[in-house]
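Thanks for coming. I have one structure to go through today, so please have a look at it first.

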Amino acid sequence: MIKSCTSDRLGAFYSKQGTAFQVWAPAAKSVRLALYESAGDYNDNGLVTNHEGGERYVMERSPDGTWSVHVHGDLHGKFYMYEIRSEDGKLCYGVDPYARAVSANGCRGAIIDPTVTNPEGWANDVRPPLIQPTDAVVYELHVRDFSIHTDSGMKYRGKFKAFTERGLRDEDGNTLGLDHLIELGVTHVHLLPIFDFATVNELDGYGSDSISSQYNWGYDPLHYNVPEGSYATDPADPAVRIRELKEMIQALHACGIRVVMDVVYNHTFTVDDGPFERFAPGYFYRRDCGGALSNGSGVGNELATEKPMVRKFIKDSLRYWAEEYHIDGFRFDLMGLIDTTTMKEVVRELREEVDSSLLFYGEPWTGGLSPLAEQTVKGTQRGQGFAVFNDHFRYAIKGDNDGQGRGFATGEPWTEGAIAEGMMGSIHDFAQDASETINYVTVHDNLNLWDKILITLGMDQEAGLLRLHDGRLQNGGSLWEATAASRPYAGVQADQVMSSDPVRRSLLANGIVLLSQGIPLLHAGDELLRTKFGDHNSYRSGDAINAIRWSNKKLFKPVFDYYKGLIHLRRSQPAFRLSKREEIERRMQVLHASDRLVACRIQGGSGSGEWRQIVVIANANEQDLKVELPPTPYRWNIVVNEERAGTEPIKTTDRASIRVPGVSLMVLYEDRNALKDGLVKIELEYERKDGKYEGWNAWVWGTGVQDGSVPLSQGVDTKARAVIYAAAGVRRIGCILRLREWENREGDQDYYIDIPPEQKTVRFSMQSGSEGWSVTRRSGVAS
């Protein structure tokens, strides 16, 4: 029933002279600070269960339920708990919900001097520039997956510090690790949870040369304001995990890459022994009409974000990460369970008070039914400064998540309209602006892209994909042996990688994402044809399934180069990064959206290096298709085809149409410095009996050069003339004579002019009479 929110600053605040402790426990009869010299005695499960001993300090209660005490002296290196006595006399211990440092496995809060956690140069760390959200290219990555495989060549395998290692190369000279991310060109690394989570024993393998085999994605929050200890080189030293995470962020920033943090404010791993219940029983969790814990998360509980102190906790936590760790953005897990008021206030306050370029986005759905009335689902983000994952576009591109269902890139017809809508930033679907949509095909959840394509094509048995449940083989056995025996690339020939059907479909899928308006997000390893061997839920399947195989880079280098080229193209041309609805509607046009083919035209800008007119074509047919290009007197440069992508012309064309290979992308731009060769000149004569030509003009189409109105000029005789140009290869154009803007016209049907092959100049005469008009070709003249 608590409806107000304390303004107190909660947590432990250190200085060499003393440390102030404040915790909110409104229903407690008494609270005492327990201060310890050590982290305690750990049992075989890596937990400390006995919190007796140490020193006790009585805390004073304020009217709003905050308990406070100030302890004099330098407490750096000590540990603390809160001893809480309830009204019925029961006694329990709890770790500070606002703890910013903890012992191994988060068993006790830790007091540290914040200055010892700052790496050298941290004060000079700055966020790489970001002008607008649509400038971002996001790369979703799990810290351990990035470096844990032996072929990564990294010293700090599975750790934050792996991101600080530079200069790594494979035997063929290909970049690895951080240098790989720099070469790829992504702007943001989206890290799966890096806060302290519950399901990995941080002490597993500690004090030995072995690397822990324990694995989890981390969507099981324990301490929201502390980095995960299993990613640190020394989880037993509370300062190390903080310093090494900052070193990681600092290294990424130095390379021009921002960091997005995956946050899970919708549930906690447990309730009774979780971070909140001991301090405010029954307050922090949402309940259904029967009083039971609601389960919109699908894992047993939901945080009641609409309550003032829960909302305060989320805001305080986010601000802390953004300020203390220089985090550049936040991805909200199951954002549908966070009330929209909280989301709006978070975005507004952090953008205004911390940094205006922070990026916010999340999943606009829940994991089950929730009593929350104000759910943050698709549409609620309109005009609010944050984005949502675009599952409409995702389904249209690939089909369903885990089955054989097809999408545009995997062979399904009738999805072209949804593809075109997604390419325009979904501004006529759920988004007000393109900056509100996260465009993606796959992420950590569900089948990854390569496996989805294999299953959709019926190649899963040939590839030897595995059957797993909760991280184990259904029939038992070693995962490492099973993955080694798998054949996920059986259909890819080493010397013809780009000709492989699954490869082309994977490039078509993510190519559409990278060439669409909105914020693109890639799943780590897609550029290496990463497989998870058919595991659609690898949250605890371990390294054998999840580790990135860096050896794939030399095997599939053309695929990596293609991704690299698409990202470079996107970042080079602002036309692919439009944001506002009005600008997209003005500058982007769908040319074709049927028969498994989508083609769009984007009008470029006038800035230096910007292309004036761009055409993007996605052909999902197995066969080549001829596609008409917008009319222009200028040559078209092809910068993306079925084998290469980038900004440098691969080839050029003077023709009015282009043949697009099956299952491929093509991007062309109008070269304003080169007129088309081989133009056909059409000299048109028009004669009216009344001799009145004022306001009359020719309306032409299909020229491949310049469609629309062509002025008529009257000579000394009784005829008017016009000159029309057609591109090489054009065999017929449409032509109508009209008065001004269709006030009158000759004839009541469309007429066409046929152009003989190999002719460079052709003359036609047209006569108007009381019975209509006729077209007579005088002569074809070769010049």
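I'll start with one residue, Arg731, which is partly exposed, since its relative accessible area is 42%. For a residue to be called partly exposed, that value has to fall between 20% and 50%. Please keep in mind throughout that this is a predicted model.

Where does Arg731 sit? Arg731 is in the loop that links β34, residues 719–726, to β35, residues 732–739. Together with Lys626, Arg655 and Arg659, Arg731 forms a positive patch on the surface.

Now a second residue, Ser147. Is Ser147 buried or exposed? Ser147 has a relative accessible area of 0%, so it is buried; the cut-off for buried is under 20%. Ser147 belongs to helix α1, which covers residues 143–147. Not counting neighbours within four places in sequence, Ser147 has contacts with Ser152, Met154, Tyr156, Arg157, Gly158, Lys159 and Ala162.

Next, the protein chain as a whole. There are 783 residues in the chain, and 59% of them are buried. The secondary structure consists of 15 helices and 39 strands. The C-alpha trace extends about 110 × 60 × 50 Å along its principal axes.

On contacts: taking those with a separation of 6 or more, 72% are between residues 24 or more positions apart.

Last, surface and charge. The chain has an accessible surface of about 30700 Å², and carbon and sulfur atoms contribute 46% of that. As for charges, the chain has 88 positive and 108 negative ones, and their mean positions lie 4 Å apart.

Methods:
Residues numbered from 1 in each chain as written. Predicted model: local features only at pLDDT ≥ 70, side-chain atom pairs only at ≥ 80, totals over all residues. Heavy atoms only, no water. Patch = residues over 30% accessible without salt bridge, like charges linked within 9 Å, V, L, I, M, F, W, Y side chains within 5 Å. Areas by Shrake-Rupley, 256 points an atom, 1.4 Å probe, with all protein chains shown as cover. Salt bridge = Lys/Arg side-chain N within 4 Å of Asp/Glu carboxyl O. Lys, Arg positive; Asp, Glu negative; His and termini not counted. Charge placed at Lys NZ, Arg CZ, Asp CG, Glu CD. Helix = DSSP H or I, 4+ residues; strand = E, 2+ residues; numbered from the N terminus. Buried < 20%, exposed > 50% of the residue type's maximum accessible area, 1.4 Å probe, protein only. Contact = heavy atoms within 4.5 Å.
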